[in-house]
Structure formats: structure tokens, C-alpha cells
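Visitor: Could you give me a close look at the disulfide question in this one? After that, carry on to whatever else seems worth a look.

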Amino acid sequence: SRSVGNNGSLMAVRALESVDADQDDSSSGEIVGAEDDEAVEVSGDRLDDVDTPSSGDSPTSRGDSPTSQPQTSEDGSGLWRLLLTASASAATTAVGMALLFTRWIREAAPPELRYAPSEENVKLVMAVPLLLRSYIPNVLTRNGHLASLFGYIKLPSWRHRCDRELDPLSDGGTVSVEWFPCRPADGVPVILMLPGINNDAAFPYVQHVMRLVLAEGLGTPAAVNWRGLGGLPLSAAGGATPKVYCGLGAPDLAEILSHLRRRLPSSPLYAVGWSMGGCILVRHMAEAGEGCELRAAMAVSPALDVSAVQRYWQGTPVGRLYGLAIGFKLWLYFLSHRRELAGGPVSVWRAFLGVFRGYEDEVFAPLWGLSGHEEYWRRCSVGEELVRRVARPLLVVHARDDPVVPVWSLPLAAMASNPHIVTAITRHGGHIGYTAGATPLLGAWTDRVLVHYLRAILAREEEREGREQGEMRGSGCRRLPTLCEHSKL
């Protein structure tokens, strides 16, 4: 009985200890709410390690999802910094461009005019307002090389539909006159365009002037295609070797003008020439003297002293580059006529060597029957003695930054002593470039100078001859219609 009692007491003690332990666990635990009234007992130690957000601070309600809720304050400040940086950059660029443009304008100056101070010259200069104002080229062509490049690149570049008139020469050669839009009736003024070396009537700078002259009602524009240019073949009389185009074109121009005078006896003739075309023009005017068929003319960037230009090409790095470029273009011209020139004194290989040795000795002298480059230069150039023999009004426009024909190569003193010549030397313009306006791809400043110059010449002739015909313009000159021979045009 003692053992049973002791066992019963021991079991009772253990039962009490178990109840005490359950009570301790229940008092130290925490009941958290669960759905369907189901309680879950969690130890106090584990509750300390668990972050239990309140119902209002759930991840969805707080917007802590990295994909759905960006950092608004930080992103907003970054956007403002970007806008401020862009604004500062734009303002700095605008100020810099304004300063550059201001300096560009301040550096601009009117052309330097050189002429004999006669009453007629003073009136003529005053009647051409562009010669009295500052020439401001396009800001992209301040460099003479870029200005020269844009002299040959113009928009639009399509070719006008012209009326071609072939003009056979006395030695069997062939040139043509491209009338725009058609051949004129007798009595209508004719403005003849003489393109530069290896250029034809389709070049954009020629097309722009033709279109402008026609729009201004100054007469009928026409452009010359020299030997073998503009799709013309090289030809010669009696099976002789044809002569190629070069600076010896003054006799060809004389024949063209004689042909025009026979066909249009009452039409006043004017001419404008660029580069080598300007040299040919002035050479003809000097050789013809008082017998020149032209009433007035204008030359843009003319290479008057060919020997000085050649020495410049051979003696300076820049000149060598331009000489090579022009020589290579002449070789392509020779290559396109290799069949007509086959069997002659100049082979294709010799013509190619002329690119580096000089075309005067390798090509021009043999084909034209000259002794060498010295004779070629002498027969092409317009020196001091010849330029004094010009007896018709002539306006010469040249730029100091011309990289092809330097201004110092001109016989400026002799030109200024001739009462018929007015020379305008601009600070910028390059070689026949003379860009102007918002884009360098449109017409040149010299195009407008030509229009003003022709108006002044027409007004002076009208005043001198006492004729009052046609519509009077603001400057007092007449506006003549472009009349065609063909009534259907």
C-alpha cells in the first residue's frame, strides 16, 4: 500500500508539473487573428524576428513595389537637371552663333572699286547699288575654298530646255549657241554667257544667270558651248587633227559674234564670262578695240595673266592641287574625244602626262601648232598693253580670297587707267563662288550685280541716244520683252 501510494503521489506531482508548464506556455504566447476563427499560437521569441506590418502598411498600399512605384522625387530632380543642361547648351550655342555672325557682319565691307574718275564711270557706279554696299557671303562659305566649291554646286540643277544653234568655224571646228528659251527676233538684246574652263552651258551657275536675265526682262540669254563641250564633237576641215578647247578661244568668240551680228543686225549684244571664259572675253575686246561688236561686258574671276596663274599653280602647294584637279578634268575631256584625236600628235598617254607636266607643252601647243608653253601663254593672256586697248564698258569682279586665280595676277594698274574698265575687288567670294543669302546653293551675288550693271548700261544708252521705248523701270531703264522668231513659242 505504501508503494501504491508513493506511485500515486508521483503521478500527481507529474500531472501538476505538466499543467504548470502548459499554463506558462499559454501565458507567454500570443494569439494572432486568422480567418474562420482559427487561432495560431506563436512563440514570443519568433514574434521578435517577424516584421508584421499593419493592415494600412501592406506592400501594395505603401507602393513599395519596385515595378509599380518609381522614386518620384529623385526622378523629377533628374529631369529638371536635364532640362537646365539642355537650356544652357542651347543658350551658349545661340550666343556663340550671334557673336560669330556679328563678327562676320563687321568684317564685311563694300568692294574696293578701281576706275578712272570720269563722269560716265561715276554715274555707272552710282547706278549699280550692289557695288556700294557690303558684300556679305553665306556664313558657311567664309573660306575661299568652300566658296569656290559652291560656285559650281547650285540648286536646282536641272538643265533648261534650250534652242541649240550650231556655229561652224572657219577651221572646221564646231561651237554652239544655246538660246533660252528660243532664238530671239531682230532688235531684242542678247546676253551671251561664256562658261569657264571645261564648262558648258548646262553648268548650274550658267543656268541660274540665264533664268534670272530672262525673268528680269533684260533680253534673251544665250550660252556658248566651246569646242567638244556640251555634247559637241571635235571636228576639223580637210581631215586635219581637230583643235581642242583651251584659252585660245578669242578667235572663236569673234566668229560667234560676227555670226550673231549677221543674223541679228539690230540687236545690241552683251556678254558675261567666268574664269577662262572671262579671259577669252577680255582678250577679244582688247583685240577688237573700237570694232568690238559688244556694247558692254562683265568678267567674273577672269584669269587674265595665264602665265602668272600657271606659275602660282606650279609654285605653291594649294596651286598644285588646283592645277592637278583642272588637269585631270582636261584629261577626261581628252579621253572622251580620243577617237577624233586618234592619229594626231597627242596620244592618250601623253595627255595623261600633261596632268603632271602641264597641258601647254603636252597637248595645247602640239594641237594648235605652237612652239611651246611660252607662246601659248602669250597668245592667251591679257597683259598691261592689251588691257589698255579695251574700248567698251567692262566690269571686272574678283575676290581677294580666290584660291584658283590670285588677285595679284591681274594687271590692276593698267585696268584702272583705262576709262572703260571698272574693277570691283571683294574681300570674300572665292573663285566665281560669291554665295549670298540663307543658302549657298542658290544664285550668286554676281548674278544680281550683272542685272544692275545691264540696267545701268541700258539706261545710259537710252539717255545717250534719246530713245524712250518699252516699259520704264524704277531706275529709268527699259524693260524689253523676250521675243522669239517662232510665233508658236
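Guide: Let's go straight to the disulfides: the count comes to zero. Keep in mind that this is a predicted model, so every distance here is computed from predicted coordinates. Which cysteine sulfur comes closest to that of C246? It belongs to C380, and at 5.7 Å the two are too far apart for a bond, given that a disulfide needs sulfur atoms within 2.5 Å. C279 is in no disulfide either, and its nearest cysteine sulfur is again that of C380, 6.5 Å away. Are these two cysteines buried or exposed? C246 counts as buried because its relative accessibility is 4%, and C279 counts as buried too, at 0%.

With no disulfides to look at, let's turn to the charged pairs. A search of the whole structure turns up 19 salt bridges. Side chains of opposite charge can pair when their charged atoms come close. Start with K123 and E119, whose side chains meet at 3.4 Å, N to O. Both sit in helix α5, and because they are four residues apart, about one helical turn separates them. An α-helix has 3.6 residues a turn, so residues three or four places apart point the same way. E119 is exposed at 58% relative accessible area, while K123 is partly exposed at 48%.

A salt bridge that reaches between separate elements is the one from R261 to E293, where the closest N and O atoms are 3.1 Å apart. R261 belongs to helix α8 (residues 250-263) and E293 to the loop between α9 (276-288) and β9 (294-300), so the pair ties together parts that are 32 residues apart in sequence. E293 has a relative accessible area of 30%, so it is classed as partly exposed.

Then there's R357 with E362, whose closest N and O atoms are 3.8 Å apart. Which of these partners is exposed, and which is buried? R357 is exposed, with 56% relative accessible area, whereas E362 counts as buried at 13%. Salt bridges can also link up, and here D171, R227, K243 and D252 are joined in a network of them.

R357 is also a handy way into α13, the helix of residues 348-357. Its buried residues are A351, L353, G354 and V355, and what they pack against is α11 (317-336) and α14 (359-368). Just past the end of α13, G358 takes a positive phi of about 115°.

Now for a couple of residues on the inside. T141 lies in the loop between α5 (119-126) and α6 (144-152), and its relative accessible area is 0%, so this threonine is buried. What does its side chain find there? It reaches the backbone oxygen of N138 at 3.0 Å, and a polar contact of 2.5 Å joins it to the side chain of T435. Leaving aside residues up to four places away in sequence, T141 touches L146, A147, F150, T435 and P440.

I425 gives you a strand to compare: this isoleucine is found in β11 (residues 421-426) and counts as buried because its relative accessibility is 3%. With the same sequence neighbors left out, I425 touches P111, E112, R114, H398, R400, V407 and L412. Its C-alpha atom is separated by 8.3 Å from that of V396, which is 29 residues away along the chain.

On the outside, look for L79, W80, L82 and L83, which make a nonpolar surface patch of about 460 Å². L83 is placed in helix α4 (residues 72-107) and counts as partly exposed because its relative accessibility is 42%.

Finally, step back to the whole chain. You'll find 18 helices and 13 strands, and 46% of the 489 residues are buried. Among contacts with a separation of 6 or more, 74% come from residues 24 or more positions apart. The accessible surface adds up to about 24,700 Å², with carbon and sulfur atoms accounting for 56% of it.

Definitions and conventions: Residues are numbered from 1 along each chain as its sequence is written. This is a predicted model: local features need pLDDT of at least 70, side-chain atom pairs count only at pLDDT 80 or more; totals for chains, interfaces and linings use all residues. Side-chain values use heavy atoms; hydrogens and water are left out. Helices (H or I, at least four residues) and strands (E, at least two) are DSSP runs, numbered from the N terminus. Buried means under 20% relative accessible area, exposed over 50%, partly exposed in between (1.4 Å probe, protein chains only). Contact means heavy atoms within 4.5 Å. A polar contact is a pair of N or O atoms within 3.5 Å; within protein, one must be able to donate a hydrogen and the other to accept it, and residues adjacent in sequence count only if both atoms are side-chain atoms. Patches are made of residues with over 30% relative accessible area and no salt bridge: like charges are joined within 9 Å, nonpolar side chains (Val, Leu, Ile, Met, Phe, Trp, Tyr) within 5 Å. Accessible areas come from the Shrake-Rupley method with a 1.4 Å probe; for residues, only the protein chains shown count as cover. A salt bridge is a side-chain nitrogen of Lys or Arg within 4 Å of a carboxyl oxygen of Asp or Glu.
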